[in-house]
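Good morning, and thank you for making time for this presentation. Please take a moment with the sequence and the structure before I begin.

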Amino acid sequence: MLKVKSGEVDKLGLLYERYKKMLLGFFFKMNHDLEASEDLVQNVFVRILKYKHTFTGSGKFSTWMYHLARNMYYDQYRKNKKESKNVGVDSVSYKLVDEDSIEVKLDDNEQQQQLKMALKALPPEKRELLILSRYQDMKYQEIAEVTGISEGAVRVKIHRTLKELKEIYFKLENTHHGY
């Protein structure tokens with residue numbers, strides 16, 4: 001990124017290749033819309049080029065990138081709040097291991113769907129924390145830098161959000177099974 005900042009903008013392609021899948025996963029888990037997620041990834045790299053002068057090199061590039069991505073997502077979310085379209089969980093395909101029995105496959109698939117539905121039921125700010133920590137494997141300190149809150153607050157919020165996710169998950173499970 002420092003080379004991009006110093007004028008070697010062709011190096012942005014390397015960064016794009018290295019980080020596009022991570023960003024796509026982040027956006028898709030946030031909005032469940034593949035096309036919009038792909039657009040957001042492209043726009044993040046446009047923003048990286050536009051704001052390259054703000055990258056200091058004192059922290060990790062990925063932290064700075066996620067900060068830009070997060071701001072872009074929330075700008076888009078606020079802009080399209082009324083017209084946001086939600087892709088149903090049914091449209092997400094699951095990869096199942098062949099050696100499992102049909103019953104286990106169906107049960108796993110059902111649990112994955114319930115977890116995705118529970119995650120989707122969380123407010124975006126809480127969902128984002130879980131996605132960054134659990135799916136993007138970011139450390140609490142990195143999440144704190146990206147979100148602008150203290151590491152301790154991140155830790156507490158993630159803990160509380162996991163409890164909330166469990167409650168939502170079990171409500172969905174009980175509703176589905178008629179308990």
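What covers the buried residues of α4? The cover includes α2 (12–31), α3 (34–50), α6 (124–135) and α7 (140–147). I should say at once that this is a predicted model.

Let me stay with helix α4. This helix runs over residues 61–79 and holds 19 residues; at 1.5 Å a residue it should span 27 Å, and its end C-alpha atoms are 27 Å apart, so the two values agree. The buried residues of α4 are Phe61, Ser62, Thr63, Trp64, Met65, Tyr66, Leu68, Ala69, Arg70, Met72, Tyr73 and Tyr74. Several of these names will return as we move along.

I turn next to Phe27, which is found in helix α2. Is Phe27 buried or exposed? Its relative accessible area is 0%, and therefore Phe27 is buried. Not counting residues up to four places away in sequence, Phe27 touches His32, Ser37, Leu40, Val41, Val44, Ala69 and Tyr73. Of these, Ala69 and Tyr73 are among the buried residues of α4. There is also a long-range relation to note: Phe27 and Ile131 are 104 residues apart in sequence, while their C-alpha atoms are 9.4 Å apart in space.

The aromatic residues come next. A pair of aromatic rings is described by the distance of the centres and the angle of the planes. A search of the whole structure finds 9 aromatic pairs. In one of them, Tyr16 and Phe45, the ring centres are 5.1 Å apart and the planes stand at 80°, so the pair is edge-to-face. Tyr16 lies in helix α2 and Phe45 in helix α3, so this pair ties together parts that are 29 residues apart in sequence. With a relative accessible area of 23%, Tyr16 is partly exposed, whereas Phe45, at 6%, counts as buried. Another aromatic pair is formed by Tyr73 and Tyr74; it is edge-to-face, with 5.2 Å from centre to centre and 80° between the planes. Tyr73 counts as buried at 4% relative accessibility, and Tyr74 is buried with a relative accessible area of 10%. Finally, ring pairs link Tyr19, Phe55, Phe61 and Trp64 into a cluster. Phe61 and Trp64 are among the buried residues of α4.

Let me now move to charged residues. Side chains of opposite charge can pair when their charged atoms come close. How many salt bridges does a search of the whole structure find? The search finds 6 salt bridges, and I shall present three.

The first on my list joins the side chains of Lys20 and Glu17, at 3.3 Å from N to O. These two residues are 3 residues apart in helix α2, which means that they are separated by about one helical turn. Lys20 counts as partly exposed, at 26% relative accessibility.

The next is formed by Arg155 and Glu151, whose closest N and O atoms are 3.2 Å apart. Both lie in helix α8, 4 residues apart, about one turn of the helix. Arg155 is partly exposed, with a relative accessible area of 41%, and Glu151 is partly exposed as well, with 30%.

The last on my list is the salt bridge of Glu164 with Lys126, where the closest N and O atoms are 2.6 Å apart. This pair links distant parts of the chain: Glu164 is in helix α8 (residues 151–177), Lys126 is in helix α6, and they are 38 residues apart. Glu164 counts as partly exposed at 24% relative accessibility, and Lys126 is partly exposed with a relative accessible area of 30%.

One more residue deserves mention, and that is Thr147 in helix α7. Thr147 has 13% relative accessibility; residues under 20% are called buried, so Thr147 counts as buried. A polar atom of the Thr147 side chain lies 2.8 Å from the backbone oxygen of Ile143. Leaving aside neighbours within four places in sequence, Thr147 is in contact with Arg70, Glu128, Leu129 and Val154. Here Arg70 brings us back to α4, where it is one of the buried residues.

To close, I return to the opening topic: α2, α3, α6 and α7 are included in what covers the buried residues of α4. Thank you for your attention.

Terms used:
Residues are numbered from 1 along each chain as its sequence is written. This is a predicted model: local features need pLDDT of at least 70, side-chain atom pairs count only at pLDDT 80 or more; totals for chains, interfaces and linings use all residues. Side-chain values use heavy atoms; hydrogens and water are left out. The expected span of a helix is 1.5 Å times one less than its number of residues. Buried means under 20% relative accessible area, exposed over 50%, partly exposed in between (1.4 Å probe, protein chains only). Contact means heavy atoms within 4.5 Å. A salt bridge is a side-chain nitrogen of Lys or Arg within 4 Å of a carboxyl oxygen of Asp or Glu. A polar contact is a pair of N or O atoms within 3.5 Å; within protein, one must be able to donate a hydrogen and the other to accept it, and residues adjacent in sequence count only if both atoms are side-chain atoms. Rings of Phe, Tyr and Trp (its six-membered ring) pair if their centres lie within 6.5 Å; planes under 30 degrees apart count as stacked, over 60 as edge-to-face and the rest as tilted.
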